[in-house]
Every structure is written in C-alpha cells, then in structure tokens.
Amino acid sequence: MSNAEYISEYKKYLTDEKHSSANTVASYIRDLNQFVAWLDSRNIIGVTEKTVNSYLKALKDKGKSKATVSRCVATLKGFYAYMMLKGFVSKSPMNGITTERVEKKLPSILTGKEVELLLEQPEVADLKGCRDKAMLEVLYATGVRVSELLALNMIDVNIDAGVVRCRSVSGGKERIVPMYHAAVVILSEYIIRVREQLVADPDEQALFVNMNGERMSRQGFWKIVKHYQAMAKIEKDITPHTLRHSFAAHLLENGADLRSIQEMLGHADISSTQVYVQVVNNRLRDVYNKAHPKA
C-alpha cells in the first residue's frame, strides 16, 4: 500500500469506528499529510524513532510552537497505534518519543458589556441580520459548541419551553439547555419570518442556513463573528468559541454551581469545567488590583 492509501484507511477508521468529529479527522489527516510530504518518497511503514525525531527537529527549526509540535506527536502516536492494531507494523516508532509539557492557556472571555455590544451589531430588519443575531444569541444563551450549534435541526428547538436539545457531534450524551427570553424571541422571529425565505429545499432540516439555503458551515459562521467583532470595535480576538467560554464564566460569576455548568456545557469530566474557576479568580484579582487604593 502507498502512504496515501494508509492515510485513507486511517481516515475511514477514525470516522467509522472511532466516530471522531469532522474537525478532529481533518486535523489528524492534515498533520499526517505534512509528515508524508516531509518524508518525500520514503514509505511510512519504514519510519523509525530517529526519523520522527528528525521531523520534530525540522518543525522546531521552522519556528513551530510547542503546542503545534505536541499536537503532531499526538497525531503520529494515534496513527501508529492504529497501524499496529491492523498489523501493518510490529512496533511503533513513537514509543520513545516525548515532548515538552505545554502550559494550557486560560480561555479568553468577554465582559458582559462586550457581549452586549457584539449582540447589538446585527441589523434584525433584514434577513441576514436577523439570522446572525439569532445564532449569536443562541450561542451565548446556551454555551453550546459551535459544531453543536450548526448541527441543530428544527426538531431540536422547543420555543414554547425555551430550550434546545443538543447532541455532541462526536457522539456525546444528549442534553437539554435552556435559553433566556431575548434569545427565544429572536430565534422565534428567525424561524417564523426568515428561515422559510432562505431555505432552498423545503425538506431541509437544518435550523441555521446560509444565504443559499443550506446548512451553515463553520467557516461561514466564523466570518459572521469576525464581521460583527469589527463592527463592535472589540480589540480582543473573538472566535465562535469565545461566547461559549464567556457563557460559562459569566454563569460562574453570578453564582451558578460548577456541576450545573458542567451539565450545560456537556463536559464529560468536571476538570474541564474547573478551568473557569481560575478564569473568574484571575478576573477578580485584576479588578481588585485596579480598584483597591492600596493594591
């Protein structure tokens, strides 16, 4: 088999057996293709620990960050574990490979005023503006992942109850998340007044569609967020995930318990939720240092 065929089979394995998300699969395959390009004509079967170390050195020499190098190592470890599982290799060249510990950065969050400013930007009088505001409001109201927001179907929304049913695209447990009143109102207006004018196919199930009437893509929504960030003149680097982080931090600041936030975010492990405690504590420390006359 060629290198391309091994990678193709691995892609099928990730998708069909591991049920990895589309973004995870794309990231792994991108890393593997870059590795194969560096190997040039050498076969991926004959890779040794020395070969991998040379590749990692080449990445560092190019100025790649510790996080990038660490991710590539994780990709190659997963790939060669698969190659051993399928009997393509008898030993993984990754067994002796270690990477420097990468300190996790705390998530960036918006202040309450910055969120309000961002959500005020879409012009609800036109179709696109109404849709955009509905997407941003639902994202901040529920704290769902971007992939989960874009995967929502019409049947996942209960306007009367003010909730959405969310399913993780990686096969996680289904959960019901409430929405505040303003989000329910704009979502209802979008569904009644706008969506039916946008959908190209009357059988389309997607809740949020692009201007061609098809399910909104991650790239499309990323551009929407960046557009309104520029309009709001917010200097922080905002991504769609920033609203999820802000949702969690703001709930915690206002007295929500960690377990409830974990459930709403869909975290399998509460340690993933606990990072927001540190975020909030850091913010309070900053406020104290700026405001206290003796600080």
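Two exercises on this predicted model follow, each with a worked solution.

Local features need pLDDT of at least 70, side-chain atom pairs count only at pLDDT 80 or more, and totals for chains, interfaces and linings use all residues. Residues are numbered from 1 along each chain as its sequence is written, and side-chain values use heavy atoms, without hydrogens and water.

**Exercise 1.** Locate the Asp31 and Arg71 salt bridge in the fold and classify the burial of its partners.

*Solution.*
- Apply the criterion: a Lys or Arg side-chain nitrogen within 4 Å of an Asp or Glu carboxyl oxygen.
- Asp31 and Arg71 meet it at 2.8 Å, N to O.
- Place the ends. Asp31 sits in helix H2 (residues 22–39) and Arg71 in helix H4, so the bridge ties together parts 40 residues apart in sequence. Helices are DSSP runs of H or I, at least four residues, and strands are runs of E, at least two, numbered from the N terminus.
- Check burial: buried is under 20% relative accessible area, exposed over 50%, partly exposed in between (1.4 Å probe, protein chains only).
- Asp31, at 3%, is buried. Arg71, at 33%, is partly exposed.

**Exercise 2.** Work out the strand order of the sheet and identify its edges.

*Solution.*
- Pair strands where DSSP finds at least two bridges between them.
- Three strands result, in the order E1-E2-E3, as an open sheet with antiparallel pairing.
- Strands E1 (157–158) and E3 (175–178) each have a single partner strand, so one side of each lacks a neighbour in the sheet.
- Inspect E2 (residues 163–166): four bridges join E2 to E3. Val164 stands opposite Val177 in E3.
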